[in-house]
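Work through the following exercises with the sequence and the model side by side. Each task is followed by a solution that proceeds step by step.

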Amino acid sequence: MAKNLVIVESPAKAKTIEKFLGKDFKVTSSFGHIADLPSKELGVEVDKDFAPKYVVEKDKKALVKKLKELAAQAETIWLASDEDREGEAISWHLAETLKLDKEKTRRIVFNSITKSAIQRAIENPRGINYDLVNAQQARRILDRLVGYELSPVLWKKIKPGLSAGRVQSVSVRLIVERERAIEAFTAESSFKVAAEFRTSHGAVFAARLQESFPSLKEARAFLEQVEQAAFAVDSLDKKPAKKSPAPPFTTSTLQQEASRKLYFSVSRTMQVAQRLYEAGLITYMRTDSVNLSGEAIQAIKQTIVSNYGESYSKVRQFQSKTKGAQEAHEAIRPTDMTLQKPNLDRDQARLYELIRLRTLASQMSDAELERTQVHIRNDKQQTLFTAEGEVIKFEGFLKVYLEGKDEEDLEEQEGMLPAMQEGEPLQANYISATQRFTRPPYRYTEASLVKKLEELGIGRPSTYAPTISTIQNRGYVEKGSVEGTERAYTQLVLEKGKITESSLTETVGSDKGKLVPTDIGMVVNDFLVSHFSNILDYHFTAKVEKDFDDIASGDEDWQQVLRTFYKDFHPNVLEVEETADRASGERVLGTDPKTGRQIAARLGRFGPMVQIGTAEEEEKPLFASLLPEQSIATITFEEALDLFRLPRKLGTYQGEEVEVNVGRFGPYVRFGKSFVSLEAGEDLFEVDLERAAELIRAKQQAEAPIATYEGMPVTKGKGRFGPFIKWDGMFVNVPKKYDFDNLSQADINELIEDKKKKEAEKVVRQWPEEGIRIEKGRWGRHTVIKGRTKVDLSKDVDPGQLSLEQALELLGSRKKKGKKTK
């Protein structure tokens, strides 16, 4: 048995580290935390100074037993979880749960998984940092208190199944407030003037007027004034300028840039970065430091000088702007700057290259530019046109990298200007006056939301990705899918002494890929802001983060932070639970012309809806669900009345009644007992019997058997996970190597046989007469299955030793639980 036991938190990390250590070291994984607050109760003894009740969940018990055995056999135990607060807490839980001997236990940290970093860590062990542990505990307990006390209030006052969280609720508030600002915005128009001039040498360039005209009449009057004007260069100003590179990546800036340049979601960026880190290719990816080690700076310099020359190198040491930068002590960078194209999958390769180039650029020379500004006069009035240009004299860091920008920060690109002299006459090819509108605030993207959270001091590197995933998974926020609407605008063009007027259109208001609050998100946000203004306050949330930083640095007591928070929070919860009215986001739209009863839009048990009548009236209210593109805040009185025309009966087709309606999953055509979804953006009030029949035929064709196998039909379709075929109730994914549109009988036979073989290999034990089997799951877990009833076995149960009676008992207890919850 190896003398040394190294425990890390992930199997991938263990595999990489094992390559660097000799036979005296055994590396194993804890698979994250081995102990945590219980999943089905609060797990915090508030009256005992917030003492946490840590438990080992059932699925971890076999692992803990194995780790105890390995620890007992080792001479030295090395706790090598990540160097942030979460990693410190994992090591602490290992030490406490496994009851490790302090004399035999060492804590080691490293910010990259390389041989030299691991060796250095082993040569410089330390004890567990209890300040970091307490900071993690404080966050975990405070967030548990907020979630466990606020969520039941939402169930009671709005609808069951809702949840609230300290950082997630503030994130939703940001998105809701931005949406309200957009809804309240009124666009104002003005006319912007641009021109194309030609020099005496025939070179063409663009220029614009700095001021704009508020009306078409004034814009036309200006063009009439300069109709016969002579233009000339009034002044020409050249100035040297410099551009400096951005610092190397932190977690936040990596998430933003990967979103802009690679179109990755925040969670996807972190998943890919985690794999790169665990493979030893980059340094730790949860960090708010822009610092680079001296060793790294030297390696980067050598790479730059070798590839681009000495003039492109400039050593820089950046300073972190984030107070209490608490994660790693270095920026995200490659561990080996000479490694350009490691053998990676496409996503990993693209993210690695982004990190590599950003790191290189951060240690390169400034780009040297020459900026030129030309003012152009005319002999008919005093207004000056301006043209601006930029010439790169020395590329510097721009040779490898240019930082991306968010949509709201984009500026008009400056090109090069031709050679000109003061007083030189110019010819106006054309002058245009184009109607332009002021823009509403931009909706947040995932990247710009991370940027805003960081600016406000809300959350930390480890929390951005899970927060953004959570608010979407909870249904409070969704990615927009609206392409935009057409807007008309006017343009005047003066060309060859003649003014022409044109009416043009542009597409505005697209929210594709942007974060848009749902109706439920808005109702929950308004309720929380109204009743828990302190929790939803940006400054308060940032102060709590600072308190965690102070705990981590040993300047604050974690229990005192919780006491201070809870003494105001808990009474507030009790008061709201007792006195607050139910919230539905109700918006009264008018009076039903047929019945004289009130029509309102509000949130109901199954989502947003419109309602005729009120609960107080003797006659029951009538309800209709909103369409997917409608919302409580914007639906009109007329649109609400239209919803009560549903279902619309269209007639009969193939002997079955056909109607259109809207349900929980959007608008659909009902054909007898079959349902066919309408295509995205299709207006269900425009669907006639002919269109419905077309949709029905398409579904029938899609569901028609394409072949048979063992005498049973095979159908095909496309689902969440891509194309599939279905046979005997079994779904078989169709890989890209097959031509899905032209599957042969041989292809179908091969796909089904491969699937049957894989399914058979999963079966560990079975009792065919009872229809019961035990299958091996994807992550090593075993499951007892009978029909649709499934029961997971804990890791300490040997499936080979399970008797039929025990299997029946497990399935029976699951059925009883199911009956109780109905």
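The exercises below treat confidence, strand pairing, backbone geometry and a pocket in turn.

The model is predicted, so that local features need pLDDT of at least 70 and side-chain atom pairs count only at pLDDT 80 or more, whereas totals for chains, interfaces and linings use all residues. Residues are numbered from 1 along each chain as its sequence is written, and side-chain values use heavy atoms, with hydrogens and water left out.

**Exercise 1. Confidence**

Task: State what pLDDT the protein averages, and examine the stretch 817-822.

Solution: Begin with the scale, pLDDT being the predictor's confidence in each residue, from 0 to 100. On this scale the protein averages 89, and 96% of the residues score at least 70. Next, turn to residues 817-822, where the pLDDT is below 50 and where the model shows 0 contacts beyond near neighbours in sequence; a contact means heavy atoms within 4.5 Å.

**Exercise 2. An open sheet**

Task: Determine which strands stand at the edges of the open sheet of 4 strands.

Solution: First fix the terms: helices (H or I, at least four residues) and strands (E, at least two) are DSSP runs numbered from the N terminus, and two strands pair if DSSP finds at least two bridges between them. The order is then E17-E18-E19-E20, with antiparallel pairing. Strand E17 (587-591) and strand E20 (622-625) each have a single partner strand and therefore stand at the edges, with one side of each left without a neighbour in the sheet. Neighbouring strands of this sheet are turned by 30° against each other on average, direction ignored, where axes are lines fitted to C-alpha atoms (for helices over the stretch in contact) and angles run from 0 to 180 degrees between N-to-C directions. Finally, E19 (residues 607-612) pairs with E20 in the antiparallel sense over 4 bridges, and Val610 stands opposite Ala624 in E20.

**Exercise 3. Two hairpins and their surroundings**

Task: Follow the chain from Leu646 to E23 and describe the backbone.

Solution: Start at the cis peptide bond between Leu646 and Pro647, with omega about -5°; Pro647 lies in the loop between helix H17 (637-643) and E21. Strand E21 (residues 648-653) then pairs with strand E22 (residues 656-663) in the antiparallel sense over 5 bridges, with Glu659 in E22 as the bridge partner of Lys649. These two strands form a hairpin with 2 residues between them, and in the turn Gln654, a residue other than glycine, has a positive phi near 50°. Continuing onward, E22 pairs with strand E23 (residues 666-671) over 6 antiparallel bridges, Val660 having Val669 in E23 as its bridge partner, and a second hairpin connection runs through 2 residues.

**Exercise 4. The second largest pocket**

Task: Find which helix supplies the largest share of the lining of the second largest pocket.

Solution: On a 1 Å grid over the protein atoms alone, a pocket is an open set of points where a 1.4 Å probe fits, with protein on both sides within 12 Å along at least five of seven lines, and lining residues have an atom within 4 Å of a point. The volume of the second largest pocket is about 1500 Å³, and among its 44 lining residues Glu86, Arg140, Ser462, Thr463 and Pro466 lie nearest its centre. Several helices each supply at least two lining residues, including H3 (85-97), H5 (130-157) and H13 (464-473), and the largest share, 11 residues, comes from H5.

Technical notes:
Grid points are joined across faces, edges and corners, and a volume is the space filled by probe spheres set on the points.
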